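Okay, thanks for making time, everyone. I'd like to walk you through one model today, so let me put it up on the screen.

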Amino acid sequence: MNEPILTVEDLSVRISGLHILQGVSFAVAPTGVTVLLGRNGVGKTTTLRAIVGLTPPAGEVRGTIRMGAQSLLAQRTHRLVRGGLGYVPEDRDVFAGLTVAENLRLAERRGTTPAYDKVFALFPELDRRGRQRAGSLSGGQQQMLAIGRVLLNDNRLLLVDEPTKGLAPKVVTEVAEVLERVAESVPVLLVEQNLAVVRRLARDAVVLAAGKVAWTGDARELLLETALTKSLLGVGSAEVSH
Ligand SMILES: Nc1ncnc2c1ncn2[C@@H]1O[C@H](COP(=O)(O)OP(=O)(O)OP(=O)(O)O)[C@@H](O)[C@H]1O
């Protein structure tokens, strides 16, 4: 692998007495999609939140997280975002009472030129629906808005948490297509349970189990190993082969 864009070493997160991550280490390649996999509750979201400085105040984070030469641990989230770490949370977190255009405007970073042309080329719907309240968008459209607003700014790395969760199959395909295009220009660390999407997008895979890294390697090779996939992810060959 070329010099990774992100390295996580011996990451440990405790929240409310629970030792959720127990010495997690992995690297994210400087191009393409690296997928973070694992059964429900193994700590995938906790990992992304630790990287972007959003562990709850009661939580305790230890270890090393670096983006390039920069240490991320103990830095404020707004600084990390300004430094080029884009984060699309699992619950999308769009401002339901504001319009699409207002949601986008809020994401603009002072002192930079927001890339509306790029965002509207990827998501023409966001342009057409500028005056619509974000709360009245479909789940897929809200996901597009959540991704689009992060792409208004230059990013060195994107963290994207379960972008296809709860979406209809056709919309899952649309979101996957968009992420594929996005990943041509910025590396992505993706949490994704839909293995067809993983197969389409991911080159490298990191699998967590019980708060530790259980497997790292080529994502497609993992998906070919049905017994391994079943033991690590709890899914059968039918789900893997779709
Ligand atoms: N703020 C918190 N307080 C207490 N426990 C938490 C907190 N956040 C996460 N946990 C626990 O940590 C574990 C890991 O949660 P996390 O959301 O990171 O898992 P995940 O792998 O993303 O799961 P899923 O695939 O279901 O989204 C779970 O057991 C969860 O209940």
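**A walk from Val-206 outwards**

Let's begin with one residue: Val-206 sits in strand E9, residues 202–209. Strands here are DSSP runs of E of at least two residues, helices are runs of H or I of at least four, and both are numbered from the N terminus. Before I go on, the caveat: this is a predicted model, so local features need pLDDT of at least 70, side-chain atom pairs count only at pLDDT 80 or more, and totals for chains, interfaces and linings use all residues. Numbering starts from 1 along each chain as its sequence is written.

Back to Val-206, then. Is Val-206 buried or exposed? Buried, because it has 25 C-beta neighbours inside 10 Å. The cut-offs are 20 or more other C-beta atoms within 10 Å for buried, 12 or fewer for exposed, and partly exposed in between, with C-beta atoms placed from the backbone. Leaving out residues up to four places away in sequence, Val-206 touches Phe-26, Thr-34, Leu-36, Val-213 and Thr-216. A contact here means that the C-beta atoms, placed from the backbone, lie within 7 Å. Val-191 is 15 residues from Val-206 in sequence, and their C-alpha atoms are 9.8 Å apart.

Now the sheet around it. E9 belongs to an open sheet of six strands, ordered E6-E7-E8-E3-E9-E10, and the pairing is mixed. At the edges you find E6 and E10 (212–218), each pairing on one side only. Direction ignored, neighbouring strands in this sheet are turned by 15° against each other on average. Pairing, by the way, requires that DSSP finds at least two bridges between the two strands. One parallel pair to look at is E7 (157–161) with E8 (188–191), joined by four bridges. Within that pair, Val-160 has Leu-190 in E8 as its bridge partner.

There's a second sheet. What is the order of its four strands? It goes E2-E1-E4-E5, again an open sheet, with antiparallel pairing. E2 (18–28) and E5 (70–71) are the edge strands with a single partner each, so one side of each has no neighbour in the sheet. E1, residues 6–15, pairs with E2 antiparallel over eight bridges. Along that ladder, Leu-11 has Val-24 of E2 as its bridge partner.

Helix H1, residues 44–51, packs on this sheet, where it touches E1, E2 and E4 (60–67), and its direction makes about 70° with that of E2. H1 also lies across E3 (33–37), E7, E8 and E9, running at about 145° to E7. Those angles run from 0 to 180 degrees between N-to-C directions, using lines fitted to C-alpha atoms, for helices over the stretch in contact.

Staying with E1 and E2 for a second: Arg-14 stands opposite His-19 in E2. The hairpin has two residues between the strands, and Ser-16 there takes a positive phi near 50°. Ser-16 counts as exposed because it has 8 C-beta neighbours inside 10 Å. Arg-92 is another one to flag: not a glycine, yet its phi is positive, about 70°. You'll find Arg-92 in the loop between E6 (85–88) and helix H3 (100–107). Arg-92 counts as buried because 20 other C-beta atoms lie within 10 Å.

On to the core. The largest nonpolar core has 69 residues, and those touching the most other members are Val-35, Leu-157, Leu-159, Val-188, Leu-190 and Leu-201. Such a core is a set of buried Ala, Val, Leu, Ile, Met, Phe, Trp, Tyr and Cys residues joined through C-beta atoms within 7 Å. Helix H6 (139–151) gives the most to it, with six residues. As for Val-35, its contacts beyond four places in sequence are Leu-190, Glu-192, Val-198, Ala-202, Ala-205 and Ala-219.

Finally, the whole protein. We have 11 helices and 10 strands. The radius of gyration is 18 Å, close to the 18 Å from the globule rule for 242 residues, so the protein is as compact as a globular protein of that length. That's over C-alpha atoms, and the rule is 2.2 Å times the number of residues to the power 0.38. Of the 242 residues, 40% count as buried.

Definitions and conventions:
Contact = placed C-beta atoms within 7 Å.
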